[in-house]
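Reader: I would like a close look at the pockets of this model and at the parts of the chain that surround them. Please go through the linings and then the neighbouring features in one connected account.

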Amino acid sequence: MERDIEPTGRVDEFLPTYANGPASFAWWGMAWLIATEAALFATVIVSYWYIRFRSGPIWPPDGIPAPELTLPLVMSAILWSSSIPVHLADRAIRRGDQRRLRFGLLAGWLLGAAFLSLQFAVEYPSVLDEFTARTNAYGSMFFTLTGLHGLHVLVGLAFSVWVQVRAWRGAFDERRHVSVQNFAMYWHFVDVVWLFVLLTVYVSPHL
């Protein structure tokens, strides 16, 4: 915080040139965005459970088999592991380590892209052979929840590209890195939400 002491003895305070974490308005903007998105996911997940219990004891209905767990668990391992390099990248730039920042962001992006590729290129084509979003309420909720999460992963990948471009241009250092913090917050949120999607959509039909 800069101070300007005038001859009259009055002290004028100015906002800092750079701000990170809770001291930054951008950080709070991301925190409120995450809270809003968390409420959205909570609403859809509650809707899934409401429809399930209103549909009777057989779930999925209409002879649809319970989801296979192998591929979703592999996808989960890939997505959750992506939080590690992103976290390390966030920590690195706080020390001014540009190289680890760039490497961590790239590694996280590749893992996130692998997750999304498996979802849209492997899982969805297989699922569409059994049911679609128009088949019944189960199909609608399956594609709504997994598709909504996939959309958030896609947004996160685009966010990562923007941060990486700025990182390669030297926009961040130990004093200026709120954009990296915001991306890390968003990415960890996407990873945490997937746990609830996994338990709801893939695991619960087996219980």
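Author: What follows takes the two pockets in turn, then the salt bridges, a loop, a surface patch and a contact between distant parts of the chain.

The model is a predicted one. Its largest pocket has a volume of about 270 Å³. The lining of this pocket is made by 15 residues, and those closest to its centre are Pro67, Glu68, Ser126, Val127 and Glu130. Helices H2, H4 (98-128) and H5 (137-168) are the elements that give two or more residues to this lining. Of these, H4 has the largest share, with four residues. By class, the lining of the largest pocket consists of eleven nonpolar residues, one polar residue and three charged ones.

The second largest pocket holds about 170 Å³ of space. Its lining is formed by Pro85, Leu88, Ala89, Arg91, Ala92, Arg95, Arg99, Arg100, Phe103 and Gly104. Two elements, helix H3 (83-94) and H4, each give two or more residues to this lining. The largest share, five residues, belongs to H3. The classes here are five nonpolar, one polar and four charged residues. H4 therefore has a part in both linings, as an element that gives two or more residues to the largest pocket and to the second largest pocket.Salt bridges come next. Side chains of opposite charge can pair when their charged atoms come close. A search of the whole structure finds three such bridges. One of them involves Arg100, a residue in the lining of the second largest pocket. Arginine 100 pairs with aspartate 97, and the closest N and O atoms are 3.2 Å apart. Arginine 100 counts as partly exposed because its relative accessibility is 46%. Aspartate 97 is also partly exposed, with a relative accessible area of 22%.

Another salt bridge lies in helix H3, the element with the largest share of the lining of the second largest pocket. Here aspartate 90 pairs with arginine 94, with 3.0 Å between the closest N and O atoms. The two residues are four apart in helix H3, so about one helical turn separates them. Aspartate 90 is buried, with a relative accessible area of 8%, whereas arginine 94 is partly exposed at 45% relative accessibility.

The remaining pair is aspartate 173 and arginine 176, whose side chains meet in a salt bridge at 3.2 Å, N to O. Aspartate 173 counts as buried because its relative accessibility is 15%. Arginine 176, at 30% relative accessibility, counts as partly exposed.

The loop between helix H1 (25-54) and H2 contains proline 60. A cis peptide bond joins tryptophan 59 to proline 60, with omega at about 0 degrees. Aspartate 62 is placed in the loop between H1 and H2 as well. The phi of aspartate 62 is near 60 degrees, which is a positive value in a residue other than glycine. Most residues other than glycine have a negative phi, and most peptide bonds are trans. Aspartate 62 counts as exposed because its relative accessible area is 61%.

Helix H2, which gives two or more residues to the lining of the largest pocket, spans residues 70-81 and includes tryptophan 80. Tryptophan 80 is partly exposed, at 34% relative accessibility. Together with Val192, Leu195, Phe196 and Leu199, Trp80 makes a nonpolar surface patch of about 450 Å². The largest share of this patch, four residues, comes from helix H6 (residues 178-203).

The segment after H6 holds histidine 206. Histidine 206 is partly exposed, with a relative accessible area of 42%. The C-alpha atom of histidine 206 is separated by 9.5 Å from that of leucine 69, although the two residues are 137 residues apart along the chain.

Conventions:
Residues numbered from 1 in each chain as written. Predicted model: local features only at pLDDT ≥ 70, side-chain atom pairs only at ≥ 80, totals over all residues. Heavy atoms only, no water. Patch = residues over 30% accessible without salt bridge, like charges linked within 9 Å, V, L, I, M, F, W, Y side chains within 5 Å. Areas by Shrake-Rupley, 256 points an atom, 1.4 Å probe, with all protein chains shown as cover. Salt bridge = Lys/Arg side-chain N within 4 Å of Asp/Glu carboxyl O. Buried < 20%, exposed > 50% of the residue type's maximum accessible area, 1.4 Å probe, protein only. 1 Å grid on protein atoms, 1.4 Å probe; cavity = no way out; pocket = protein on both sides within 12 Å on 5 of 7 lines; lining within 4 Å. Points joined across faces, edges and corners; volume = space filled by probe spheres on them. Nonpolar A, V, L, I, M, F, W, Y, C, P; charged D, E, K, R; others polar.
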